[in-house]
Amino acid sequence: MKALFALLAVSVSTTVMAADADLLRCRALADAPAKLACYDAIPVGTAAPAPASAANSTFGLTAGQMRKTEQEESVESALVGTFSGWRPGTNFRLANGQTWRVVDDTSASHYDLNAPKVVIKRSFFGTYFLDIEGVNQAPRVRRVD
């Protein structure tokens, strides 16, 4: 609510400052007909359309939809080091500095892959799956760091 009030205050003060600048510009003119034309050109009783506030842009969305619009749908990176599989509780360190842990009961063995590319995708109900390039399974993961 405070952010909305601050945005409104900035919008109003910007409109007032623009009108003041127009008045000062007209006041500085020496020629009377030019001064009158300048004053007549200033819009009266009309304000610039207010910018869309954050509250209006999310109106009608459910809490899940709002969270979804604020977050990315996926993250692309690469695993650090050699990948040979996973089991429940395995931590994966990504090249972007994030660490993700396997939180389901799946496990897989794979021939060694050196720094394979990965995509972590958001799924329903706030779950995430780790897609590893060259691997057919995708474990459910949770971000640790």
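Two strands are treated as paired if DSSP finds at least two bridges between them. In the predicted model described here, that criterion is met by S4 and S8, which pair in the antiparallel sense over three bridges. Within this pairing, Val-102 stands opposite Val-141 in S8.

The chain contains four helices and eight strands. Along the sequence these elements follow the pattern α-α-α-α-β-β-β-β-β-β-β-β. Of the 145 residues, 21% count as buried. The accessible surface of the chain comes to about 10400 Å², and 59% of that area belongs to carbon and sulfur atoms. Among contacts with a separation of 6 or more, 48% are made by residues 24 or more positions apart.

Six strands form an open sheet in the order S1-S6-S7-S8-S4-S3, with antiparallel pairing. S1 and strand S3 (91-93) stand at the edges with a single partner strand each, so one side of each is left without a neighbour in the sheet. From one strand to the next, the twist averages 35 degrees.

At one edge, strand S1 (residues 74-78) runs antiparallel to S6 and is joined to S6 by five bridges. Ser-77 has Val-118 as its bridge partner in S6. On the other side of the pairing scheme, S6 is linked to strand S7 (residues 128-132), again antiparallel and through five bridges. Here the bridge partner of Arg-122 is Tyr-128 in S7. S6 and S7 make up a hairpin with five residues between the strands, and Phe-125 in the turn has a positive phi of about 60 degrees.

At the S3 edge, S3 and S4 are paired in the antiparallel sense over three bridges. Arg-93 has Thr-99 as its bridge partner in S4. S3 and S4 also form a hairpin with five residues between the strands, in which Gly-97 takes a positive phi near 95 degrees.

The two faces of strand S6 (residues 117-122) are distinguished by their cover. Val-118, Ile-120 and Arg-122 make up the covered face, while Lys-117, Val-119 and Lys-121 make up the uncovered one. Two residues of the covered face, Val-118 and Ile-120, are among the residues touched by Leu-94. Leu-94 also touches Ser-77, Ala-78, Leu-79, Val-80 and Trp-100, when residues up to four places away in sequence are not counted.

Leu-94 belongs to the largest nonpolar core, which has 15 residues. Phe-83, Trp-86, Phe-92, Leu-94, Leu-130 and Ile-132 have the most contacts inside this core. At least two core residues are supplied by each of strand S2 (82-86), strand S4 (99-102), strand S5 (108-114), S6 and S7. In soluble globular proteins, nonpolar side chains tend to be buried together.

Side chains of opposite charge can pair when their charged atoms come close. The structure holds four salt bridges, including the three described below.

Arg-122 forms a salt bridge with Glu-73, with the closest N and O atoms 3.9 Å apart. Because Arg-122 lies in strand S6 and Glu-73 in the loop between helix H4 (63-70) and S1, the pair ties together parts that are 49 residues apart in sequence. Arg-122 has a relative accessibility of 16% and therefore counts as buried, the cut-off for this class being under 20%. Glu-73, at 42% relative accessibility, counts as partly exposed.

A salt bridge is also made by the side chains of Arg-93 and Asp-145, at 3.9 Å from N to O. Arg-93 lies in strand S3 and Asp-145 in the segment after strand S8 (140-143), so this pair ties together parts that are 52 residues apart in sequence. Arg-93 counts as partly exposed, at 42% relative accessibility.

The salt bridge between Asp-131 and Lys-121 has its closest N and O atoms 3.4 Å apart. Asp-131 is in strand S7 and Lys-121 in strand S6, ten residues apart. Both strands belong to the hairpin in which Phe-125 occupies the turn. Asp-131 is partly exposed, with a relative accessible area of 27%, and Lys-121 is partly exposed, with a relative accessible area of 41%. Lys-121 lies on the uncovered face of S6, whereas Arg-122 lies on the covered face.

Terms used: Residues are numbered from 1 along each chain as its sequence is written. This is a predicted model: local features need pLDDT of at least 70, side-chain atom pairs count only at pLDDT 80 or more; totals for chains, interfaces and linings use all residues. Side-chain values use heavy atoms; hydrogens and water are left out. Buried means under 20% relative accessible area, exposed over 50%, partly exposed in between (1.4 Å probe, protein chains only). Axes are lines fitted to C-alpha atoms, for helices over the stretch in contact, and angles run from 0 to 180 degrees between N-to-C directions. A nonpolar core is a set of buried Ala, Val, Leu, Ile, Met, Phe, Trp, Tyr and Cys residues joined through side-chain atoms within 4.5 Å. Contact means heavy atoms within 4.5 Å. Accessible areas come from the Shrake-Rupley method with a 1.4 Å probe; for residues, only the protein chains shown count as cover.
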